[in-house]
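Work through the exercises below with the sequence and the coordinates open. Try each task before you read its solution.

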Amino acid sequence: MVEAIRWEEGVVQILDQLVLPREVVWVPCRRSDEVADCITTMKIRGAPAIGVAAAMGLALAVRQEEAESAASLEDYFAAACDHMSRTRPTAVNLTWAIARMQDRFRQVQAEGLPRVREALTREALDVAREDFETCAAMGRNGADVVPEKARILTHCNTGSLATGGAGTALAVVREAASRGLVEIVYVDETRPYLQGARLTAWELAQDGIPQRLIADNMAAFLMARGQVDFIVVGADRIASNGDVANKIGTYGLAVLARHHRVPFYIAAPLSTVDMAIASGAEIPIEERAARELTHIGDIQLAPEGVDVWNPAFDVTPADFIAGIITEKGILRTPYWKSIADTMGSGGGGRRR
Ligand code: MRU
């Protein structure tokens, strides 16, 4: 299976998703700020993968020489966490992973730098390993609700490139395919950043899963023709009432799914749940550069200087969601209750 990130003896290796699928290039990061830069520039992206990268980046921070010479290790680490937290705003896995590393830091801080280094490295590797296992569990839980001969529609990239394992929505697709349930996967190209066309199509091709690429505006007609049986997408942040922020275009698919009576599922680990917010209205939505719309690569499509709105995510109200596939099972409406019950019984995620 493709990997997005690796820990190699104190070096974080990040597969550069800016040049995929044309080139496979690994970027070695030896410093926390190099990892932060890879997140900001989207060399690595996807909510769980961002969390894994942040954890590994903070493990690097305390291994750097500056950690030895810092007047206060606590202040030095706090600054590294603060820098990491400013990389991207929407995926709460980032906040969750940083909080987890901060907790571990506080537990071992008094035991000296060698112990801090060892404990934070181990914690980051645990974050990665747990995400791998979480993906597999989501895959198993989600595949149980995929119908036979399923024609599945998905959006953005939610696979190995976006997580530390088989993926979120794509883990469900992979497991369903291995059970012989998948007829075809329709891959939304995912304008404007094209994570579907560039990354998901590449991942599915590696696995030999049958797929067909469509432009986002073709999904409605495809559903009108009765050619979609099941939709599954990921999430960047889930509010405590079940509203979901995910890649721009997800909300439109959910509305279409309701109209055409196609089950619309979210697949996400509990680390994507933000119990500190009441609804999707509180989720910060990243707005990205105009150039992503006005250009494809170096080719200019739109007139010079045209005004552009480019939100990277949208919010799907809980009411449109048939189920949220997690590592602990499928959460159903009323989500405020199923989420609270699951998080209360030891789930991950950000807490109030
Ligand atoms: O802007 P991106 O590419 O980081 O957005 C990724 C998504 O929206 C995914 O659907 C999401 O992270 C959930 S699945 C890993």
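**Exercise 1: The ligand site**

A polar side-chain atom of Gln195 lies 2.8 Å from an oxygen atom of the ligand. The model is a predicted one. Task: find which side-chain atom type of Asp236 approaches the ligand, and state how much of the ligand the protein covers.

Solution. Start with Asp236. An N or O atom in its side chain is 2.7 Å from a ligand oxygen. Then take the cover. The ligand on its own has 410 Å² of accessible area, and the protein covers 100% of that. Next, look at the backbone. Gly46 places a backbone N or O atom 3.0 Å from an oxygen atom of the ligand. Finally, list the surroundings. The ligand is surrounded by 18 residues, and Ala47, Arg88, Asp236, Asn246 and Lys247 are the closest.

**Exercise 2: Two nonpolar cores**

Task: for the largest nonpolar core, name the residues that touch the most other members. Then say which helix gives the most to this core.

Solution. The largest core has 47 residues. Val12, Val35, Ile44 and Met84 touch the most other members. Strands 1, 2 and 3 each supply at least two residues, and so do helices 1, 2, 4, 5 and 6. Helix 2 gives the most, with 13 residues. Now zoom in on Val12. Set aside its neighbours within four places in sequence. Val12 then contacts Ile5, Arg6, Trp7, Val27, Pro28, Cys29, Val35, Met56 and Leu60. Move on to the second core. This separate core has 31 residues, including Ala219, Val244, Val262 and Val273.

**Exercise 3: Thr154**

Task: decide whether Thr154 is buried or exposed, and find the backbone oxygen that its side chain reaches.

Solution. Locate the residue first. Thr154 sits in strand 4, which runs over residues 150-154. Its relative accessibility is 0%, under the 20% cut-off, so Thr154 is buried. Its side chain reaches the backbone oxygen of Val232 at 2.8 Å. Beyond four places in sequence, the contacts of Thr154 include Ala169, Leu170, Tyr186, Thr200 and Val233.

**Exercise 4: Backbone geometry**

Task: which peptide bonds lead into Pro192 and Pro334, and are they cis or trans?

Solution. Take Pro192. The bond from Arg191 to Pro192 is cis, with omega near 0 degrees. Pro192 lies in the loop between strand 5 and helix 8. Leu194 also lies in the loop between strand 5 and helix 8. Leu194 is not a glycine, but its phi is positive, at about 65 degrees. At 17% relative accessibility, Leu194 counts as buried. Now take Pro334. The bond from Thr333 to Pro334 is cis, with omega near 0 degrees. Pro334 is in the loop between strand 16 and helix 12. Add Cys156, in the loop between strand 4 and helix 7. Its phi is near 65 degrees, a positive value in a non-glycine residue. Cys156 is buried, at 7% relative accessibility.

**Exercise 5: The whole chain**

Task: what radius of gyration would a compact globule of 352 residues have, and what does the protein have?

Solution. The globule value is near 20 Å. The protein has 20 Å, so the two agree. Next, the extents. The C-alpha trace spans about 65 × 50 × 35 Å along its principal axes. Then the composition. The protein has twelve helices and 16 strands. Buried residues make up 57% of the 352 residues. Last, the contacts. Among those between residues at least 6 apart in sequence, 74% join residues at least 24 apart.

Note on methods
Residues are numbered from 1 along each chain as its sequence is written. This is a predicted model: local features need pLDDT of at least 70, side-chain atom pairs count only at pLDDT 80 or more; totals for chains, interfaces and linings use all residues. Side-chain values use heavy atoms; hydrogens and water are left out. A nonpolar core is a set of buried Ala, Val, Leu, Ile, Met, Phe, Trp, Tyr and Cys residues joined through side-chain atoms within 4.5 Å. Buried means under 20% relative accessible area, exposed over 50%, partly exposed in between (1.4 Å probe, protein chains only). Helices (H or I, at least four residues) and strands (E, at least two) are DSSP runs, numbered from the N terminus. Contact means heavy atoms within 4.5 Å. A residue is near a molecule or strand if one of its heavy atoms lies within 4 Å of it. A polar contact is a pair of N or O atoms within 3.5 Å; within protein, one must be able to donate a hydrogen and the other to accept it, and residues adjacent in sequence count only if both atoms are side-chain atoms. Accessible areas come from the Shrake-Rupley method with a 1.4 Å probe; for residues, only the protein chains shown count as cover. The radius of gyration is taken over C-alpha atoms; the globule rule is 2.2 Å times the number of residues to the power 0.38.
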